[in-house]
Amino acid sequence: MSPEDDEQLDPLAEAGAGLPPVLGAGCASRFDPDALDEEMGTDFATVAEWFSDQTPKSA
């Protein structure tokens, strides 16, 4: 097989999306929060408001 054949078999070679940069390794790996933005679907601006609506109010 030639390198061109390997590229044709790689499903990620033509992917439209990719993963953001990762910090750490193994079980401690996580996406780099500084690299995340609204385009990646990581806008959590209203989460605090939503969470307070979901939390039962104490009497």
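In this predicted model, D32 sits in the loop that runs between β2 (30–31) and α2 (47–54). D32 is buried, yet no salt bridge goes with it. The nearest side chain of opposite charge belongs to R30, and that one is 7.8 Å away. For a salt bridge, a side-chain nitrogen of Lys or Arg would have to come within 4 Å of a carboxyl oxygen of Asp or Glu.

What D32 does have is a polar neighbour in the backbone: a polar atom of the D32 side chain lies 3.1 Å from the backbone nitrogen of D34. Setting aside the residues within four places in sequence, D32 is in contact with P21, V22 and L23.

D34 is found in the loop between β2 and α2 as well. Here the surroundings are another matter: D34 has 73% relative accessibility and so counts as exposed, the cut-off being over 50%. D34 can also be placed relative to P21, one of the contacts of D32. The C-alpha atoms of D34 and P21 are separated by 9.3 Å, with the two residues 13 apart along the chain.

Stepping back to the whole chain, there are 2 helices and 2 strands, and reading along the sequence gives the pattern α-β-β-α. Of the 59 residues, just 3% count as buried, and D32 is a buried residue. The accessible surface of the chain comes to about 5,600 Å². Carbon and sulfur atoms account for 56% of that surface.

Part of the surface is a nonpolar patch made up of F44, V47, W50 and F51. Together these four residues have about 470 Å² of accessible area. Of the patch members, V47 lies in helix α2. V47 counts as partly exposed because its relative accessibility is 39%, a value that falls between the limits of 20% for buried and 50% for exposed.

Notes:
Residues are numbered from 1 along each chain as its sequence is written. This is a predicted model: local features need pLDDT of at least 70, side-chain atom pairs count only at pLDDT 80 or more; totals for chains, interfaces and linings use all residues. Side-chain values use heavy atoms; hydrogens and water are left out. Helices (H or I, at least four residues) and strands (E, at least two) are DSSP runs, numbered from the N terminus. Buried means under 20% relative accessible area, exposed over 50%, partly exposed in between (1.4 Å probe, protein chains only). Lys and Arg count as positive and Asp and Glu as negative; His and the chain ends are not counted. A polar contact is a pair of N or O atoms within 3.5 Å; within protein, one must be able to donate a hydrogen and the other to accept it, and residues adjacent in sequence count only if both atoms are side-chain atoms. Contact means heavy atoms within 4.5 Å. Accessible areas come from the Shrake-Rupley method with a 1.4 Å probe; for residues, only the protein chains shown count as cover. Patches are made of residues with over 30% relative accessible area and no salt bridge: like charges are joined within 9 Å, nonpolar side chains (Val, Leu, Ile, Met, Phe, Trp, Tyr) within 5 Å.
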